[in-house]
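Reader: I would like a close look at a single part of this model, with its surroundings described carefully. Please take one helix and explain how it sits within the rest of the chain.

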Amino acid sequence: MTTGAYGTDVSTFVTVDGVTGLDPLFAELSGERVVLERCARRLMTSAGQLPGAPEFGFDLARLLGKRIESATAKARLKARIADELLKDEAVLAVVVVDLVTTGDFAWQLTLRIELATGPFRLVLGIADVTVAILRADRG
């Protein structure tokens, strides 16, 4: 991933092996990863929870356990996810590739996110108390 126009941030995500991504030295992230993590944060933050940004966020975890079985309900949820991510000025396009139930209170969400530097895949594991980035790469 490249650095540049997307600024910097500090990762706070749990890795696949269960270790928090927060570097004890607070090393900065840069490049596309900044945007991909910002997208993940949008999907784990309730609207109005971020001070000064009342429209930021759509907390998917609050929907866990609800029945989203019909094609119409799933299409609406996918559209809502894409709409939320498109609020980020760095995100040019979003395709919700898949949303799979992986347990009673867990989902796996696969996204294709288009940035100015190309397409990226973001795979999130969403559980009742955590959102983990399972994959974030070009593709």
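Author: In this predicted model, helix α1, which spans residues 32-42, is largely enclosed by the rest of the structure, because 9 of its 11 residues are buried. The buried residues of α1 are Glu-32, Val-34, Val-35, Leu-36, Glu-37, Cys-39, Ala-40, Arg-41 and Arg-42, and the cover over them includes the strands β1 (8-9), β2 (29-30), β4 (106-115), β5 (118-127) and β6 (131-138), together with helix α2 (71-85).

To place the helix in its chain, one may read along the sequence, where the pattern is β-β-α-α-β-β-β-β, with 2 helices and 6 strands in the chain. Of the 139 residues in the chain, 37% are buried. Among contacts between residues at least 6 apart in sequence, 43% join residues at least 24 apart.

The interior can be followed further through the largest nonpolar core, which has 34 residues and in which Leu-60, Ile-81, Leu-109 and Leu-111 touch the most other members. To this core α1, α2, β3, β4, β5 and β6 each supply at least two residues. Once its neighbours within four places in sequence are left aside, Leu-60 is in contact with Leu-43, Leu-77, Ile-81, Trp-107, Leu-109 and Ile-126.

A second route leads back to α1 by way of Glu-84, a residue of helix α2. Glu-84 counts as buried because its relative accessibility is 0%, where the cut-off for buried is under 20%. Apart from neighbours within four places in sequence, the contacts of Glu-84 are Arg-42, Leu-43, Glu-55, Phe-56, Gly-57 and Phe-58; one of these, Arg-42, is itself among the buried residues of α1.

Turning from the interior to the surface, the accessible area of the chain comes to about 7600 Å², and carbon and sulfur atoms account for 55% of that area. The largest pocket holds about 200 Å³ of space, and its lining consists of Gly-65, Lys-66, Arg-67, Ile-68, Glu-69, Lys-74, Leu-99, Thr-101, Gly-103, Asp-104 and Trp-107. By class, this lining has 5 charged, 3 polar and 3 nonpolar residues, and strand β3 (residues 93-103) contributes the largest share of it, with 3 residues. Trp-107, which is part of the pocket lining, is also one of the residues in contact with Leu-60.

How values were computed
Residues are numbered from 1 along each chain as its sequence is written. This is a predicted model: local features need pLDDT of at least 70, side-chain atom pairs count only at pLDDT 80 or more; totals for chains, interfaces and linings use all residues. Side-chain values use heavy atoms; hydrogens and water are left out. Helices (H or I, at least four residues) and strands (E, at least two) are DSSP runs, numbered from the N terminus. Buried means under 20% relative accessible area, exposed over 50%, partly exposed in between (1.4 Å probe, protein chains only). Contact means heavy atoms within 4.5 Å. Accessible areas come from the Shrake-Rupley method with a 1.4 Å probe; for residues, only the protein chains shown count as cover. On a 1 Å grid over the protein atoms alone, a cavity is a set of points where a 1.4 Å probe fits but cannot get out, and a pocket is an open set with protein on both sides within 12 Å along at least five of seven lines; lining residues have an atom within 4 Å of a point. Grid points are joined across faces, edges and corners, and a volume is the space filled by probe spheres set on the points. Ala, Val, Leu, Ile, Met, Phe, Trp, Tyr, Cys and Pro count as nonpolar, Asp, Glu, Lys and Arg as charged, and the others, Gly among them, as polar. A nonpolar core is a set of buried Ala, Val, Leu, Ile, Met, Phe, Trp, Tyr and Cys residues joined through side-chain atoms within 4.5 Å.
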